[in-house]
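Student: Please show me the sequence and the structure, and then let us go through them by question and answer.

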Amino acid sequence: MLKTNARRWRHFYLDRLVQIFVYLAVLTVCAVFLWILVDLLRGGFAHLSWNFLIESPRDAGRAGGIGSILVSTMLILLVALGAALPLAWTTAALLAEYVPATSKFGMLVRYSLQVLAGVPSIVFGLFGNAFFSIYLGLGFSILSGGLTLACMLLPILVSTAEAGLRAVPDSYRLSAAALGMTRAATLIRLLLPIAAPALAAGLLLGIGRAVAETAALLFTSGYVDRMPGSLLDSGRALALHIFDLSMNVPGGDVPAYASALVLVAMLLCINIFAMQLVQSWQRRNTILE
Amino acid sequence: MNPNKPVTAQAISSKEGGFTLGPLQMGPACCDPEPVIEVENLSLRYGDKTALDKVTLDIYRGCITALIGPSGCGKTSFLSAINRLTDLIPNCVIGGHIRVDGQDIHTTESNVQALRQKVGMVFQKPTPFPLSIRRNLSLPLCEYGVTRRSEIDAISEQVLRDVGLWDEVCDRLDTTALALSGGQQQRLCIARALTLRPKILLMDEPCSALDPMASGVVEDLISRLQGHYTIVIVTHNLAQARRIANYAAFFWVKERAAGQLIEFGRCQHIFESPTDPLTAAYINGTRG
Ligand SMILES: Nc1ncnc2c1ncn2[C@@H]1O[C@H](COP(=O)(O)OP(=O)(O)O)[C@@H](O)[C@H]1O
Ligand SMILES: [Mg+2]
């Protein structure tokens, strides 16, 4: 009697302890995020204005805004996604649907992607500079920056899409085959829609990394802060702008804070937008429960 | 083959919008049996494991043929060979001949898509796609070139009525099929197979994942399909086989051996006066 009581108390306290630790951990995570946000808001919010968003920087960024920087960032992102998405999703479909999971070829591709995923971004920058800028003669341009980013995004896009496709149960493939659907049609009409949330999640991760990238762009898209006239012009990405302002420009702290605030807001917007997209897609097509 | 082929089935075309359960497949189906699937010396191996050995069997048009026998005797393999789902299994080797409507299906020039249009399949576990009910039915149609919305809607409504699901789902065609109950899901799968207007339906234990009520509903549906479709159904429920089937085939597998067809005949004959002692033992529950 006494013994069971003691055990019950011990369980009770253990339960409480675990609960407290879990809450503490969650609280810490939230606190870190809030701290960053508050810090950014305090340092940069006063500097934000409509003009800041549309003007080009003057005096190395101390004055003016980030209009041209935003345009360059978007262009680099578009080039990167335009090059990486078709390549990555085709590769993922090949790996997940057409190559047996244990085949030598599949292993080789997966292994190369793993290695690629572990390469530091500065190395991508050096490679992009040597290959796109110098060897292909694209120079310091938005195009070489975007293509370098595309290489960097490949592993993450492929692995998320492949995992998403593999998570679709085989019974769907069998049913589709029994209905006379070809493999290609099964992939396009059935498996990709079912795996869409996974694809979207990978896309988000990719965009997040691309927008926040600095080192890979330093030697490829360059740091000219004028409004780019074409994809072959150099253009400075937002993250690079923040880096430059805070490291190389005395008195650039306030615009750096403001730019960082814009960057974080952009990431939040992209996230929310993509979530909405996935949700409406699911409502229309694939409500998984 | 029977010389007086049915013309009624062709007379109904989608253009007239007259897709229905339709007329009975030719003639007094079960009194004058005409084989629609002829299986001759079918052997089936997975790698070096033989699953079926020299099965010879005719499936009659418009009838329900029940395949019975213990687990692992090759019933699922037999069904998969008829619509060539075995193609998807890399190490599966097939010997012998299967003719559907007189055409050998395992020759190189035979068309898998045409075969699978003619031979529909329903699986043990209901497998509606995690899409809307409407999309579940339109997907196979798209594949066979039916793209007009009005036509797709008409066919969808017709097959849903055929399986008795229309009244239950007509106001939520655009919601996910996964929200349906198990029995409704299975009937949706049958409806999905019917969209392609198959002649033959293969059913692999269609009721065994369902509760008794839902199972009864699906069983009634299958009985109603008799005569309109040629049905081959695998079932572990002997009472059910007895209730709905016209013919029964008894498969058996010995330890470490291949599955074999032991006995085939009229359902009544198999259940009431089997010739093989193994069949008798299985029917009476003393073996298997
Ligand atoms: N994909 C497969 N690979 C290897 N062996 C298989 C495969 N599918 C079935 N088998 C084997 O073939 C035999 C027959 O299986 P199956 O046709 O599923 O029997 P049933 O449906 O009557 O239970 C079993 O011994 C099973 O282990
Ligand atoms: Mg089986």
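Student: Is F243(A) buried, partly exposed or exposed?
Tutor: Buried means under 20% relative accessible area, exposed over 50%, and partly exposed in between (1.4 Å probe, protein chains only). F243(A) sits in helix α10 (residues 238-248) of chain A, and its relative accessibility is 38%. That value falls between the two cut-offs, so F243(A) is partly exposed.

Student: How should I read the numbering and the values?
Tutor: This is a predicted model, in which local features need pLDDT of at least 70 and side-chain atom pairs count only at pLDDT 80 or more, while totals for chains, interfaces and linings use all residues. Residues are numbered from 1 along each chain as its sequence is written, chains are lettered from A and ligands numbered from 1 in the order in which they are written, and side-chain values use heavy atoms, with hydrogens and water left out.

Student: Which residues does F243(A) touch, not counting residues up to four places away in sequence?
Tutor: Contact means heavy atoms within 4.5 Å. One partner lies 29 residues away along the chain, with a C-alpha separation of 7.8 Å. With sequence neighbours up to four places away left out, the residues touched are T214(A) and N248(A).

Student: Is V168(A) buried or exposed?
Tutor: V168(A) belongs to the loop between α6 (142-166) and α7 (170-178) of chain A. Beyond four places in sequence, V168(A) is in contact with R173(A), L191(A) and I194(A). Its relative accessibility is 4%, so V168(A) counts as buried.

Student: What area do chain B and chain A bury between them?
Tutor: Buried area is the accessible area (1.4 Å probe) that two parts lose on being put together, summed over both. The contact draws 26 residues from chain B and 21 residues from chain A. Carbon and sulfur atoms carry 66% of the buried area, which comes to about 2000 Å².

Student: Which three residues supply 27% of the area that chain B buries against chain A?
Tutor: They belong to chain B and supply more than any other three residues. Their names are F129(B), P130(B) and E143(B).

Student: Which side-chain atom pair involving ligand 1 is 2.5 Å apart?
Tutor: The residues around ligand 1 (those with a heavy atom within 4 Å) include Y46(B), C73(B), K75(B) and S77(B). Backbone N or O atoms lie 3.3 Å from a ligand oxygen in the case of C73(B) and 2.9 Å in the case of K75(B). The 2.5 Å pair is an oxygen atom of ligand 1 and an N or O atom in the side chain of S77(B).

Student: How much of the area of ligand 1 does the protein bury?
Tutor: Accessible areas come from the Shrake-Rupley method with a 1.4 Å probe. Taken alone, ligand 1 exposes 560 Å². The protein buries 65% of that.

Student: Which element gives the largest share of the shell around ligand 1?
Tutor: Helices (H or I, at least four residues) and strands (E, at least two) are DSSP runs, numbered from the N terminus. The elements that give two or more residues to the shell are β2 (49-60) and α2 (75-82) of chain B. The largest share is three residues, and they come from α2(B).

Student: How many of the residues of α2(B) are buried?
Tutor: The buried residues include K75(B), S77(B), F78(B) and L79(B). The helix has eight residues and is mostly covered. The buried count is seven.

Student: Which side chain is joined to that of R84(B) by a polar contact of 3.2 Å?
Tutor: R84(B) lies in the loop between α2 and β4 (92-100) of chain B, and just after α2(B) it takes a positive phi of about 60°. At 11% relative accessibility, R84(B) counts as buried. A polar contact is a pair of N or O atoms within 3.5 Å; within protein, one must be able to donate a hydrogen and the other to accept it, and residues adjacent in sequence count only if both atoms are side-chain atoms. The partner side chain is that of S110(B).

Student: Which backbone nitrogen lies 3.0 Å from a polar atom of the side chain of S132(B)?
Tutor: S132(B) is in the loop between β6 (119-122) and α4 (133-143) of chain B. S132(B) has a relative accessible area of 6%, so it is buried. The backbone nitrogen is that of R135(B).
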